[in-house]
There are 2 protein chains.
Amino acid sequence: MLKSSALETSLDDGSAIKPSARQRLMDASEQLFAEHGWNAVSIRTIVAAAGVNLAALHYHFGSKEQLLSEIFTARAKPIALERIRLLSEIDLDDAPSLERILEAFLRPALTIGSDVRFGGRAFVKLRARLATEPEAVSRRILANAFDESSGEFLHALARALPEIPQAELEWRFHFMLGTMFYTMADAGRIQSLTNGRCDPGRVEDALAHIIPFLAAGFRSKPELKSTIRSRRRPK
Amino acid sequence: MLKSSALETSLDDGSAIKPSARQRLMDASEQLFAEHGWNAVSIRTIVAAAGVNLAALHYHFGSKEQLLSEIFTARAKPIALERIRLLSEIDLDDAPSLERILEAFLRPALTIGSDVRFGGRAFVKLRARLATEPEAVSRRILANAFDESSGEFLHALARALPEIPQAELEWRFHFMLGTMFYTMADAGRIQSLTNGRCDPGRVEDALAHIIPFLAAGFRSKPELKSTIRSRRRPK
DNA sequence: GTCTATAGCTGGATAGAC
DNA sequence: GTCTATCCAGCTATAGAC
């Protein structure tokens, strides 16, 4: 039986390496989880895609859940670090730029791994999937990875927008997460509605549109919301 | 063995009815799918929650997938109809109100079923889950149910915002979907970041915040995006 | 129409040879 | 560390009594 060599990858210097079984498993499962979701992918599918044996997965990772967890922590840390790095370049005390803060938050999340040959984009999708799952496991993993940097950004936004009440800012942060995750998920909805004209998969395009949109939302004065008439009595 | 009567529901007139097995199955599965996702819930769990037999599910629905499909079509149509109804109340030719259009789109999606005793909120979550799944089946179901009304709203937005280019409008519509779905998913992320102060589950609160936020984003002049500097060369 | 029983698979995980 | 062979729990779906 021929072993799969489809997962070999070539580096910038032109040399070709055969990734370790462990690495091939992480790459293949990241891809598959992103595409089909956590529960929909069996480890048998994963080992077939990685060209390794069933037992190898358990040897290297112990369990399917542990595999997901290791993928996630490996990818999440660079994102959080890059966010903090970009944020630190912005002087918050002196005319902080809302747009720059938003870009520091969004760009690492959207672009991470886009310059590696295999599996890069997959993690972006995978993370978006996990973010909308109310399941406890995925939620805990996410919280551990991103709570700290998110807290710092909420703080930075408060400095950049001193006139916006904290509660309002938290709602808007939530809305930002929604637009970010939905863009990352690349669920294909807007492509089908616009015959492909609008494509969230084009990252630079997405960033160029999302930042002004969110900035305007963040800056809007809360008083304006009195124009909304409640059509049903709140319960 | 005692049959479960926990799913009985009482109507406004005070009478108590025992829903049919078919209805109990739909209610229970809607709830469970929303909470744990499509693949994570077995039909054994569903029938146990509904207090019926395993075979009853297949008798009434034929298959698990058909059950999901029936739940979805039953709930989606009222949402689309209510959207269109609210939209028709707005005179688009004469000073169309952006906020009213947004409310007509968002309110039915967020509140549908909130006035029934059981299972109402569940569908909101379920729909948000399906919306972020790239899986073909869920995508097709969603497209069939909502493509038409979404198209009408894109058109209405174009009328209300004649100075915004169509391509820009499509991006912003995509961003609106993201904030809407993430609010509907109620993934708990913002609650944990803010110690529960911000809660997307409070629908009227959510609407009061989301509409001004989105309206500001929709109205912002596209020229402003030149303030964003691309930090990496587009590929 | 409602139930019990079970067929027929596929899932994650492991034992033990090499 | 890598493989084959296998365990067995859990799944969807159906057959057939009542």
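In chain A, 68% of the contacts with a separation of 6 or more come from residues 24 or more positions apart. The model is predicted. Chain A has 235 residues, and 54% of them count as buried. Its secondary structure comes to 10 helices and two strands. The order from the N terminus is β-β-α-α-α-α-α-α-α-α-α-α. The two strands thus lead the chain, and the helices follow.

**Helix 10 against helix 10**

Helix 10 of chain A packs on helix 10 of chain B. Each spans residues 203-219 of its chain. The angle between them is about 130 degrees, and the axes lie 7 Å apart. Helix 10 of chain A is therefore oblique to helix 10 of chain B. An angle has to be over 145 degrees to count as roughly antiparallel, and the roughly perpendicular range is 65 to 115 degrees. The crossing of the two helices is right-handed.

Which residues of helix 10 of chain A meet helix 10 of chain B? They are Phe213(A), Leu214(A), Ala216(A), Gly217(A) and Phe218(A). On the other side stand Phe213(B), Leu214(B), Ala216(B), Gly217(B) and Phe218(B). By class, the residues of this contact divide into eight nonpolar, two polar and no charged. Gly217(A) and Gly217(B) are among the residues that meet, and glycine counts as polar here.

**A polar contact between the chains**

Glu168(B) lies in helix 8 of chain B, which covers residues 166-185. Is Glu168(B) buried or exposed? Its relative accessibility is 6%, so Glu168(B) counts as buried; the cut-off for buried is under 20%. The side chain of Glu168(B) makes a polar contact with the side chain of His209(A), at 3.3 Å. His209(A) belongs to chain A, so this contact joins the two chains.

**Positive phi at Asn195**

Most residues other than glycine have a negative phi. Asn195(A) has a positive phi of about 55 degrees, although it is not a glycine. Asn195(B) also has a positive phi, near 55 degrees.

| Residue | Phi | Loop | Relative accessibility |
|---|---|---|---|
| Asn195(A) | about 55 degrees | between helix 9 (189-193) and helix 10 of chain A | 69% |
| Asn195(B) | near 55 degrees | between helix 9 (189-193) and helix 10 of chain B | 69% |

Where does Asn195(A) sit? Its place is in the loop between helix 9 and helix 10 of chain A. At 69% relative accessibility, Asn195(A) counts as exposed. Asn195(B) is found in the loop between helix 9 and helix 10 of chain B. With a relative accessible area of 69%, Asn195(B) is exposed.

How values were computed: Residues are numbered from 1 along each chain as its sequence is written. Chains are lettered from A and ligands numbered from 1 in the order in which they are written. This is a predicted model: local features need pLDDT of at least 70, side-chain atom pairs count only at pLDDT 80 or more; totals for chains, interfaces and linings use all residues. Side-chain values use heavy atoms; hydrogens and water are left out. Helices (H or I, at least four residues) and strands (E, at least two) are DSSP runs, numbered from the N terminus. Buried means under 20% relative accessible area, exposed over 50%, partly exposed in between (1.4 Å probe, protein chains only). A polar contact is a pair of N or O atoms within 3.5 Å; within protein, one must be able to donate a hydrogen and the other to accept it, and residues adjacent in sequence count only if both atoms are side-chain atoms. Axes are lines fitted to C-alpha atoms, for helices over the stretch in contact, and angles run from 0 to 180 degrees between N-to-C directions. Angles under 35 degrees count as roughly parallel, over 145 as roughly antiparallel, 65 to 115 as roughly perpendicular and the rest as oblique. A crossing is left-handed if the near helix is turned anticlockwise from the far one by less than a right angle, and right-handed if clockwise. Contact means heavy atoms within 4.5 Å.
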